[in-house]
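User: Hi! I am new to reading protein structures. Could you walk me through this one and explain the reasoning behind the terms?

Analyst: Happy to. Here it is.

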Amino acid sequence: MAKKTIQRFLPDPNKIRHHKSLRIFGRLLHDANLWHLNRRSARGAFAVGLFFAFIPVPFQMVLAAAAAIILRVNLPISVALVWITNPLTMPPIFYGSYLVGTLVLNQPEQHFAFEASWAWFIESLTTIGPAFLVGSLVCASIASVIGYFGIDLIWRRSVRKAWISRNN
């Protein structure tokens with residue numbers, strides 16, 4: 001049940017293999033383990049994808065794909081999950097990460113107004129940057145662990161339910 005549900009939402013492997021930003025991996029994308037869906041590959045892929053979704057860097061998909069290749073987990077799930085942080089959800093998620101960072105570093109919240117300029121970016125690295133980066137790392141780690149164990153639990157329950165219904 002869990003496997004069929006996840007497979008419904010997965011993108012076509014050929015589309016991912018030929019995605020322009022993932023061409024740098026070349027023949028590494030032909031490893032069958034990256035496309036296989038089982039409990040181990042799904043829980044690892046959820047951990048990888050959720051981790052990189054909270055890391056505020058460009059090219060999150062490429063980083064998630066590289067980690068999926070290294071850890072030999074499901075590549076489509078890893079790449080798809082980074083889109084949790086899309087242009088619509090990014091502001092509240094990253095602001096929440098900043099707030100977590102202020103709690104962890106025991107710093108007061110600083111008022112800031114976003115400006116699309118290089119000067120603002122450089123200044124923010126010293127003002128809000130440390131809290132934001134620490135908060136992003138904490139949120140990424142927590143989301144990764146929750147995703148890993150959450151999918152494992154859902155998968156096990158699904159298998160147990162299928163097993164019980166088969167035996168009745």
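**Salt bridges and a covered helix**

Analyst: Let us begin with Arg 39, which has a relative accessible area of 27% and is partly exposed. Please keep in mind that this is a predicted model.

User: Why is Arg 39 called partly exposed?

Analyst: Buried needs a value under 20% and exposed a value over 50%. The 27% of Arg 39 falls in between, so the residue is partly exposed.

User: And what makes Asp 152 count as buried?

Analyst: Its relative accessibility is 10%. The cut-off for buried is under 20%, so Asp 152 qualifies.

User: How do you know that Arg 39 and Asp 152 meet in a salt bridge?

Analyst: A side-chain nitrogen of Arg has to lie within 4 Å of a carboxyl oxygen of Asp. For Arg 39 and Asp 152 the N to O distance is 2.6 Å, so the rule is met. Arg 39 belongs to helix α3 and Asp 152 to helix α8, so this pair ties together parts that are 113 residues apart in sequence.

User: Why can such side chains pair?

Analyst: Opposite charges can pair when the charged atoms come close.

User: What makes Arg 43 and Asp 152 a salt bridge?

Analyst: Their N to O distance is 3.1 Å, and the limit is 4 Å. This pair also links distant parts of the chain, with Arg 43 in helix α3 and Asp 152 in helix α8, 109 residues apart. Arg 43 has 18% relative accessibility, under the 20% cut-off, so it counts as buried.

User: Which residues are joined into one network by salt bridges that share partners?

Analyst: One more pair helps here: Asp 152 and Arg 156 meet at 3.2 Å, N to O. Both lie in helix α8, four residues apart, about one turn of the helix. Salt bridges with shared partners join Arg 39, Arg 43, Asp 152 and Arg 156 into one network. The count of salt bridges comes to three.

User: How do you know that the span of α3 agrees with what its 15 residues should give?

Analyst: At 1.5 Å a residue, α3 should span 21 Å, and its end C-alpha atoms are 21 Å apart, so the two agree.

User: Why is α3 called mostly covered?

Analyst: Buried residues make up 12 of the 15 in α3. Among them are Ser 41, Gly 44 and Leu 50.

User: Which helices each supply at least two residues of the largest nonpolar core?

Analyst: That core has 36 residues, and Ala 42 and Phe 46 are among those touching the most other members. The helices are α3, α4, α5, α6 and α8.

Note on methods:
Residues are numbered from 1 along each chain as its sequence is written. This is a predicted model: local features need pLDDT of at least 70, side-chain atom pairs count only at pLDDT 80 or more; totals for chains, interfaces and linings use all residues. Side-chain values use heavy atoms; hydrogens and water are left out. A nonpolar core is a set of buried Ala, Val, Leu, Ile, Met, Phe, Trp, Tyr and Cys residues joined through side-chain atoms within 4.5 Å. Buried means under 20% relative accessible area, exposed over 50%, partly exposed in between (1.4 Å probe, protein chains only). The expected span of a helix is 1.5 Å times one less than its number of residues.
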